[in-house]
Amino acid sequence: MIEVTKLSKKFDDTYVLKEVSTYFEKGKTNLIIGQSGSGKTVFLKCILGLFSPESGEIIYNKTPLSKMNSKERTKLRQDMGMVFQGSALFDSMNVEENIAFPMKMFTNTHIDEIRDRTNIVIKRVNLINANNKLPSEISGGMKKRVAIARAIIMHPNYLFCDEPNSGLDPNTAIIIDNLIQEITQEYQITTVINTHDMNSVMEIGEKIIFLESGEKKWEGTNKEIFNTDNKSISNFVYSSELFKKVRKIYAKENK
Amino acid sequence: MIKFIEHVGRYFIMLQKMLEKFTKFDVLWRLILREIDDLIIGSLGIVSLISFFVGGVVAIQTAINMENPLLPRYLVGFATRQTMILEFAPTFISIIMAGKVGSFITSSIGTMRVTEQIDALEVMGVNTYNYLIFPKVVAMTIYPFIIVISMFLGIFGGYFACVTGGFTTHTDFIDGLQLDFVPFHLNYAFIKTFLFAMILATIPSYHGFFMKGGALEVGKASTTSFVWTSVAIIIMNSFVTNLLLT
Ligand SMILES: Nc1ncnc2c1ncn2[C@@H]1O[C@H](COP(=O)(O)OP(=O)(O)OP(=O)(O)O)[C@@H](O)[C@H]1O
Ligand SMILES: [Mg+2]
């Protein structure tokens, strides 16, 4: 469980986040949606502690991030997994080394056990025949899988994904979305995902927060999002013809 | 000016953080070995080549500018030795290294910054300063080894050019090499070299670590890093020379 209260963040003199408050529950896929530049990545990086906010608080299981000393922070970090917008794989290491990295770095686990754990997560994310390849030698979809595998190898309680399916074809995007949702339920993780993909919203939006120019304009579930009459969210959701049609069908079905 | 002071401050904070929370020893050790391979072993070829030929040129230039028969021929060997040990090997090679090693460091750390690899390390709880910069600093402590090779090959290049080109005889050159040898000059050269090595490891790291933007900016950062590293080396050189030789 993560709680965010009145989070504000500015760069130079412009506020990129304005008093955003919300909470994220365990075992659920929480989505942050909004246009490009609306502050999704900044929001996520504040929650992670990569950016320090001007005001507001982020509370992990009752402990505020700002009250943690560096030891507690390090401990929390090892309880987090993050999938970055561009995957952020270490390009000097092959797939297996990338995934095993957090374990080698922070545990004294025997090398054989690390290899076993690595192979388990590799299977879990359906990576086939890629163990010894370098990040530059695999496709975008595979990179995301590697990034997810690396994020979950330490069995974190918190998983953060920044646009996990950007740059992927619709099919692969759905597979990755479902993978994240399954993992979230299986390991009972608190998962927070940034996205601007309406497919993801429909597929896995158990809780959705809508950001517009740094402000939270709406909050709800994927069931509610198609029925809301909130102006900003309608503009966002129904910006494409396809979803305008979806709305009509939806309206008919629910009559 | 305020910007400059800000940079200097952040640079020293970076050095301090580098020594704070250490990475696991076996991981760190492997990183150090890789840096030695990249930064030191990878530079041997170019340094040897340049030293040998510049040594030769220095010797020939000295020889043809000393046509006056009153000047003894062994001065060629003497001048070559002094130039190589005092300035060419430590300073000139270090500036070439600011181009080679420096831009390599800046672009590799800079690429990790723009592709969010540094963020990824940080999220895992890694002290990125220690993980990325410390191994480079350790690897660069054996940089004086490169300079020894440079000194040796530079002098040998001078000898080779003079003797095969008929500018001096073998005995004249060797006599010159042995003339008035001051051991303290070697100490001076190695103190300098060591300080340059620390500059070469840390200033390019700083430029890579704190860069902003994308791939284009990585290139720009490498150039800026080269300029500042060279400037720092030259200033440090005049500072140390004033302190130790006068
Ligand atoms: N490090 C930074 N320094 C200054 N401004 C920044 C920085 N990072 C982000 N911003 C600004 O904050 C705003 C929000 O950016 P952010 O990256 O959070 O958008 P986003 O919603 O993630 O967009 P996208 O969907 O394109 O990834 C942008 O206007 C951006 O210019
Ligand atoms: Mg983003």
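The following exercises, each with a worked solution, concern a predicted model.

Residues are numbered from 1 along each chain as its sequence is written, and chains are lettered from A and ligands numbered from 1 in the order in which they are written. In this predicted model local features need pLDDT of at least 70, side-chain atom pairs count only at pLDDT 80 or more, and totals for chains, interfaces and linings use all residues, while side-chain values use heavy atoms, with hydrogens and water left out.

**Exercise 1.** Identify the protein donors of the magnesium ion (ligand 2) and state which parts of chain A they tie together.

*Solution.* Step one: donors are N, O and S atoms within 2.8 Å of the metal (3.2 Å for Na, K and Ca); water is not among the atoms, so sites may look incomplete. The protein donors are OG1 of A:Thr41 and OE1 of A:Gln85, 1.9 to 2.6 Å from the ion. Step two: A:Thr41 belongs to helix α1 (residues 40–48) of chain A and A:Gln85 to the loop between β6 (80–83) and α3 (95–106) of chain A, so the pair ties together parts 44 residues apart in sequence. Helices (H or I, at least four residues) and strands (E, at least two) are DSSP runs, numbered from the N terminus. Step three: A:Thr41, at 23% relative accessibility, counts as partly exposed, and A:Gln85 counts as partly exposed at 30%. Here buried means under 20% relative accessible area, exposed over 50%, and partly exposed in between (1.4 Å probe, protein chains only).

**Exercise 2.** Describe how helix α3 (residues 75–114) and helix α10 (residues 215–245) of chain B cross.

*Solution.* Step one: their axes come within 8 Å and cross at roughly 150 degrees. Axes are lines fitted to C-alpha atoms, for helices over the stretch in contact, and angles run from 0 to 180 degrees between N-to-C directions. Step two: α3(B) and α10(B) are therefore roughly antiparallel, a term for angles over 145 degrees. Step three: the residues of this contact comprise eight nonpolar (Ala, Val, Leu, Ile, Met, Phe, Trp, Tyr, Cys and Pro), 14 polar (the others, Gly among them) and one charged (Asp, Glu, Lys and Arg).

**Exercise 3.** Locate A:Lys6 and A:Asp12 and describe their phi angles.

*Solution.* Step one: A:Lys6, in strand β1 (residues 2–11) of chain A, has a positive phi of about 45 degrees although it is not a glycine. Step two: A:Asp12, in the loop between β1 and β2 (14–24) of chain A, is not a glycine either, yet has a positive phi of about 55 degrees. Step three: A:Asp12 is exposed, with a relative accessible area of 74%.

Methods:
Parallel < 35°, antiparallel > 145°, perpendicular 65-115°, else oblique.
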